[in-house]
Each structure stands twice: as C-alpha cells, then as structure tokens.
Amino acid sequence: MGILLGAIADDFTGATDLANTLVKEGMRVVQIIGVPDASAAPENVDAVVVALKSRSAPVGEAVSQSLEALRWLQSRGAEQIVFKYCSTFDSTPEGNIGPVADALRAETGADCAIICPAFPENARTIYNGHLFVGDMPLHESSMKDHPLTPMRDSSLIRLMAAQSDAEVGLVPLQTVHEGADAVCNAIATLAAKGIGYAVVDALNDADLRVIGAAARDQRLVTGGSGVATGLPESFRSRGLLGAPAKASAPVVVGRELVLAGSCSAATRGQIARAKEAWPTRKIAVDRIAAGDDVVGELTDWALAQHDDAPVLIYASADPEEVQQVQAVYGVEKAGAMVEEVMGALAVRLTAAGFGRLVVAGGETSGAVVSALRVNALRIGPEIAPGVPWSESIGTQPLALALKSGNFGGPNFFEEAFAVVR
Ligand code: ADP
C-alpha cells in the first residue's frame, strides 16, 4: 500500500517538527533528507516528509527540488501534499514560499490552497489574515531583523500576493468557529472566483483541527506544522488510516554521545547541567584553524571514557566568545570549521561503537547526518516539544535525536537517553 500523506519541508528541523506532529497524531512517518532517490521505497509508512534546504536557496532551485519531491511523493501514492514552511513565514518578496506554492498548486491541480502557518504551541497565531508572534504582529517581532528573511509586514495576504502569481483571499476566524463545513464552503467560494490561496485564521489547536477536517479534499495544504495536526484524523474518519499507532523508541545498541554545536541559551544551559554528571570536552576553534588533529584527539578521549555514561563534546560558547571567534575567522568559516569537526567526530565515533546520538543545533544536525550519509529517518516518540527520537534507515542503524538549538528544558540530554535505555 502506498502512502497517504506527502510533505515537502523547506528546511531540516522544520521537517522534523512536522514529522513529529504527524507521529503524535498516530501516523507512521519517515523523513527523507533531500530529494528522494527513485529507488527509495519506505515500507509500512502512512506519511513521508521530504526535508529540503530550499528556504534560502535560489528561487529556481527551490521550485525544481520541490517539484521533484512532489513527483516522487505522488508516485508513492500520496493523495494529499503539505508544503511546510516556517511559522513566521520566512521569505522575501521574491519567495521562496510563493513560487514553490504556485508550482505545487499547478502540478497537483489544487484550485484554492490553504495558507496557515499558525503554531499556537509556539505563540504563532493568525487573526484577520495577520500573523502574530506572541502579542506582537510579525513585522514588530524580532523577525523584522532576521539576517536572511527580514519580515516587514504581517499581512499574510499581502506577503503571499507579492510573491505569488495568484490572488489571495481570507477565511476569517468567525467562519472557522462555524466549523469544517463552513470553512470548506468559504474555500469553495474563493476558488469559484479564481482566487488561488485562502489564508485561514487560527488562534488555537481547536481551530487547527477544524481546518484539518475542512482540508479533507484539498490536494495541497500549506503552512507550519500546526496545520497538519488535524490531517491524520481526516484520513481516519474516511477509513483510510487505522487506529493511532504508538511510535516505539529506536532499539539501537551502542554508546551514548552528545554533540552540541548550538550556541543558544537553551543548549548552553543543557551543557552546564550535563557537565555536572558526565565527561565533557570543548572543541577549541583556534586549534581547528591551526590544523591540529582535533578529531583524532577527541575520538581517543571519548573512547577512553567509561562506557557507563554518555560522553558530551561541544563547541557551544557564549555570545561574546562566538563574536570574538567570528571576528577572527568570519561567521561562515567559523561555523563551517566546527560543523566539519562535528561531522567527522560522528563518523569516527559511530564506527567505534557509539550508537545513540543527541545532536544540538539545526545546522550542526544537518552537518552530522550528511557526514554519516544518513538519508532517511523513521520518526519515533517525542522527547520534548518538537524533538523526537529517530532511527536511521538504510545505513548502520543509529538512534538520533536532532534538536534545534533552542528546544528542550535544562535536563533535555538526560531525558532523551532515558527514552532509549
Ligand atoms: P541553532 O539551532 O542554535 O541555530 P546551529 O547548529 O544551527 O544551532 O548553528 C550554530 C552555528 O554556530 C553552527 O554553524 C556552529 O558550527 C557554529 N558554532 C558553534 N560553536 C561555535 C563557536 N564556538 N564559535 C563560532 N561558531 C560556532
């Protein structure tokens, strides 16, 4: 049997977040990293999420990768496609959300596609078509200063209209509160007028579930991970999806390793906590730059530690130290040097008996999975909001918890390993 739902995410941690949402709603989910190989054939799976790096890629590349992913998902039976972007609608007036959505809409034959980046759990809500971050409209939030995609407007209607070929309409909160049929009718009315997108208001999970039910016949749904909350139930109500499957934790033998490349406050707090209990080592960026064999030394050190506790290796530093390092080597070079070492450590240490890895940092996670040549993950149970365990497929089996820097409470590392012991 083929898959029911196919998703295309414009970045890696966004894909994991969406996959995690679908797993919590009882779907069996595989995440594929990059456009899937023609031969990839995930089995016993209800949904596949393809993780692209298309958010800040050149527009043409983002569109062509997304279409390739779409065709692969359709060839595996996906009836409905979710295009997942950030809950703060990260994009520029050129895209990439508009052009990718236009291409997906044309190829799927969708008439009017939902736009709903609301993510109430993280305080992203939509009212009268305006996107709010907490109590602020998007264009007043810290997103106004984002280095790549500064958001200077909060009207999703204007933002989308500027980057898309189609007209954009609104389904207001009042209609959402009238229920799924009312939302369906409102979208059909917009479609009949030739309007290509419907921004749908949502303030909470109950609203998102109404939208999920209303989306049952929509070939294309676009938004954040929140809009997917109600989709599994709509398949279930049609008898297409069985009773909720409970995701089982990966059963992988092997020692426990944390690689932390995120410099976020949350990750630094988690490292401070772990230092009290476990052997830890810090990577010195200067020594990487000097050409020292940092990877060899840290590998030997890790292997010399007792195997009854996790080992933690980190590059994370406070903002002052990061600035100093960046002033010497440049932002990109500093990041790339650390990421290369993280990838190499993951390769050496998994070859030497480490099998359960927690990786802190979005870019760091990307570097680690690519060095390990992992291109598909079966998504397991949630550890903390937005962060699941996963198990690599098709390579040496590894248990991987890949977390965006700011996610998880102070005891995240310990909580993570407790799930797989
Ligand atoms: P987050 O999810 O918190 O954004 P990322 O892994 O995406 O974390 O980004 C952190 C970036 O900072 C990575 O490119 C990493 O290599 C880099 N980095 C880590 N430690 C240092 C350091 N001490 N100095 C400079 N850059 C660092």
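This report describes the surroundings of the ligand and the position of Ser141 in a predicted model.

## Basis of the model

In this predicted model, local features need pLDDT of at least 70 and side-chain atom pairs count only at pLDDT 80 or more, while totals for chains, interfaces and linings use all residues. Residues are numbered from 1 along each chain as its sequence is written, and side-chain values use heavy atoms, with hydrogens and water left out.

## The shell around the ligand

The ligand is surrounded by 17 residues, of which Ser262, Glu339, Glu363, Thr364 and Gly405 come nearest; a residue is near if one of its heavy atoms lies within 4 Å of the molecule. By class, the shell holds six nonpolar, nine polar and two charged residues (Ala, Val, Leu, Ile, Met, Phe, Trp, Tyr, Cys and Pro count as nonpolar, Asp, Glu, Lys and Arg as charged, and the others, Gly among them, as polar). At least two shell residues come from each of helix 13 (331-351) and helix 14 (362-371); helices are DSSP runs of H or I with at least four residues, and strands are runs of E with at least two, numbered from the N terminus.

## Polar contacts and cover

A polar contact is a pair of N or O atoms within 3.5 Å. A polar side-chain atom of Glu339 lies 2.5 Å from a ligand oxygen atom. Backbone atoms also take part: a polar one of Gly362 is 2.9 Å from an oxygen atom of the ligand, and a backbone N or O atom of Gly335 lies 3.0 Å from a ligand oxygen atom. On its own the ligand has 580 Å² of accessible area, and the protein covers 82% of this (Shrake-Rupley method, 1.4 Å probe).

## Ser141

Ser141 lies in the loop between strand 8 (136-137) and helix 4 (156-163). With a relative accessible area of 3%, Ser141 is buried (under 20%, 1.4 Å probe, protein chains only). Leaving aside residues up to four places away in sequence, Ser141 touches Val133 and Met136, where contact means heavy atoms within 4.5 Å.

Definitions and conventions:
Polar contact = N/O pair within 3.5 Å; in protein donor to acceptor, adjacent residues only side chain to side chain. Buried < 20%, exposed > 50% of the residue type's maximum accessible area, 1.4 Å probe, protein only.
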